[in-house]
Amino acid sequence: VVSVTIFEDSSPSAIVLLARGGATVLEEGQNEVVAQFEQPLDLGATIHTDDEGMLTLLLSDLSYLRVAASTSLRLVGQRDISLDDGTLYAEVTPLQGGSGQFRVRAGEVSVTVWGTSFEVSRSGGVVDVSVAEGIVEVAANDSMVRVHEGHTVTFRDGDLSMPRQIDPASIAAWRKPLLQAERNPTFLRAMQKYFPSRSLDTSKL
């Protein structure tokens, strides 16, 4: 895993852009608190959503992480996420020169990308990975497959399936309420406040 730091040491690893329903954050050495708009997060932070909660995070590399209801995850590294349970959707910003992997780990499954959009869902020992844009590498045990746009794979009972085609519109359809709420200049101002050394691609808002 490559950890990439592209901002000043004082910059957070992520900020909360939007929190809906029940969403909480647990920082190392602190008490669990309700997630708030513009809340800065450091490495090691754990995010939880209840059955009505959703969350949008802007990471320090300007990748977006949208967190579905009933999800628990941890910010392990600058571009390294551990999904304990539930569902996330990532829009990964490629770094200059193509360096800097972005990785999501879900139990025995590891999803690695450099710049793409994809969904990972974990429920017990079953993990689904669906790709909306680009290509991702999915590895589990001794197996590895490349999953292209509009395809999905499933890890179940220790085996990783071959990619199968799906309707791209079905990928992360749950995030639509977040996308609608994010169309607000407030989010752009928040990004500029915390990450002034980078410009935001507003087409993602």
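## Glutamate 137 and arginine 146

In this predicted model, glutamate 137 and arginine 146 are joined by a salt bridge in which the closest N and O atoms are 3.0 Å apart. The pair is one of four salt bridges that a search of the whole structure finds, and two others are described below together with the burial of their partners.

## Arginine 66 and glutamate 91

A salt bridge also brings together the side chains of arginine 66 and glutamate 91, with an N to O distance of 2.9 Å. This contact links distant parts of the chain, since arginine 66 belongs to strand β7 (residues 64-67) and glutamate 91 to strand β9 (residues 80-91), the two being 25 residues apart.

Arginine 66 has a relative accessible area of 0% and is therefore buried, the cut-off for that class being under 20%. Glutamate 91, with a relative accessible area of 10%, is buried as well.

## Arginine 105 and aspartate 80

Where arginine 105 forms a salt bridge with aspartate 80, the closest N and O atoms lie 2.6 Å apart. Because arginine 105 is in strand β10 (residues 102-106) while aspartate 80 is in strand β9, the pair ties together parts that are 25 residues apart in sequence.

The accessibility of the two partners can be stated separately. Arginine 105 counts as partly exposed because its relative accessibility is 33%, a value in between the limits of under 20% for buried and over 50% for exposed. Aspartate 80, by contrast, has a relative accessible area of 4% and is buried.

Notes: Residues numbered from 1 in each chain as written. Predicted model: local features only at pLDDT ≥ 70, side-chain atom pairs only at ≥ 80, totals over all residues. Heavy atoms only, no water. Helix = DSSP H or I, 4+ residues; strand = E, 2+ residues; numbered from the N terminus. Buried < 20%, exposed > 50% of the residue type's maximum accessible area, 1.4 Å probe, protein only.
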